[in-house]
Amino acid sequence: MPIWMQAGLWGLAGASSLLVGAALAYLAHFPRRVTTGFMAFGCGVLISAVSYDLIKEGFDQAGLQPIVLGALVGSIAYTLANGIITRGGGHHRKRSGGGHQKKAAQGGGLAIAAGAFLDGVPESVVLGVGMLDGGGVSLAMFAAIFLSNFPEGLSSAAGMKAAGRSPAYIFGLWAFITLCSGLAALTGAALLGDASPWTLAAVNALAAGALLTMIADTMIPEAVEGERGETGLLVMIGFLVAFALSQGSFAG
C-alpha cells in the first residue's frame, strides 16, 4: 500500500475519536473531572510528541533556522485563526462543563466545526509527513492526536444535542471533520514526499508551533479548571508514556 494511502488511513483513525466522543455524549454522561483528566493526560502526550517527534527530529535533520521560523509562523497563524473562531462562538470547543456546553451550542455548530478543523489539520499533516522516513507512523503522535480529539467531540456533541441539533446533523458534521483530517494526512504525505529536509523540518515546526499554542490557550486551562489539583501529575504521566512510546513505532 502506498505511503500516502497509509497516511490517510492513520489520519482517519486519529480523528475517529471525534466520533467516539460524540457517540459517548449520546450514550452516557461522564463527570467533568473524567473528561478533563483525559485532557490533562493528552496534554502531556501532545507536549512530548511536539518536543521529540516534531521539534527535535526537525532540528537533527536541518538545524535551528527552519525550527524557529516554522514554529513562530505556526503559533502566529493559530493565534489569529483561533481569535476569529473565538469571536464566532467556537472558543469552548474543548470545554466539558455543562455551562460550557451551552456556550458551545450557541455557536451553532459551524464555529465549533471550524475550530476542530483548525486543530485537526496540522495534527494530521504531521502524522502523514512523519511516515515519509519509512519508519511507520509515530505511536506517540497518533496517541496524542486521538486523546486530544476525544474531549472535543464529547463536549461539543453534548452541547449541540442540548441545543436541539439532530443526530444526523451532529454525526454528519463530525464525520466530515474526520474525513478532512484523513485527507490532510494523505495530502501531507503525497505532496511532501520529495521535499528537502529543511522543508520537512519547517512544516513539522509550523505544526508544532500551532499545537503548542493550542495546548497553552485551550487545553491546559480547561484541564486545570476541571481537575483542581491533579493536572500537573496527569500531564507528566502522559509525557512519560509518550516519551516511552516514541522510542518505537508501528511498522509502515
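**Exercise 1. What percentage of the 252 residues in the protein chain do buried residues make up?**

Solution. The model is a predicted one, in which local features need pLDDT of at least 70 and side-chain atom pairs count only at pLDDT 80 or more, while totals for chains, interfaces and linings use all residues. Residues are numbered from 1 along each chain as its sequence is written, and side-chain values use heavy atoms, with hydrogens and water left out.

Begin with the term itself: buried means under 20% relative accessible area, exposed means over 50%, and partly exposed lies in between, with a 1.4 Å probe and protein chains only. By this rule, buried residues make up 48% of the 252 residues in the protein chain.

**Exercise 2. Describe the helices and the largest nonpolar core.**

Solution. Take the elements first, where helices (H or I, at least four residues) and strands (E, at least two) are DSSP runs numbered from the N terminus. The protein chain has nine helices and zero strands.

Next comes the core, defined as a set of buried Ala, Val, Leu, Ile, Met, Phe, Trp, Tyr and Cys residues joined through side-chain atoms within 4.5 Å. The largest such core has 34 residues, and Leu46, Met141 and Met219 are those with the most contacts inside it. Two or more residues come from each of helix 2 (32-62), helix 3 (64-87), helix 5 (110-129), helix 6 (139-162), helix 8 (197-227) and helix 9 (231-245). Separate from this is a second core of 11 residues, which includes Leu154, Met160, Ile170 and Trp174.

Finally, look at one residue, taking contact to mean heavy atoms within 4.5 Å. Not counting residues up to four places away in sequence, methionine 141 touches Leu46, Ala49, Asp53, Val126, Leu127 and Leu211.

**Exercise 3. Which residues make the nonpolar surface patch of about 660 Å²?**

Solution. The patch is made by Met1, Trp4, Met5, Leu9, Leu12, Leu179 and Leu183. Helix 1 (3-27) and helix 7 (167-191) are the elements that give two or more residues to the patch, and helix 1 gives the most, with four. Tryptophan 4 lies in helix 1 and counts as partly exposed because its relative accessibility is 38%.

**Exercise 4. Where is the pLDDT below 50?**

Solution. Recall that pLDDT is the predictor's confidence in each residue, from 0 to 100. The chain averages a pLDDT of 78, and 81% of the residues score at least 70. Over residues 104-109 the pLDDT is below 50, although this stretch has 13 contacts in the model beyond near neighbours in sequence. Where pLDDT is low, the predicted coordinates should not be read in detail.

How values were computed:
Patch = residues over 30% accessible without salt bridge, like charges linked within 9 Å, V, L, I, M, F, W, Y side chains within 5 Å. Areas by Shrake-Rupley, 256 points an atom, 1.4 Å probe, with all protein chains shown as cover. Salt bridge = Lys/Arg side-chain N within 4 Å of Asp/Glu carboxyl O.
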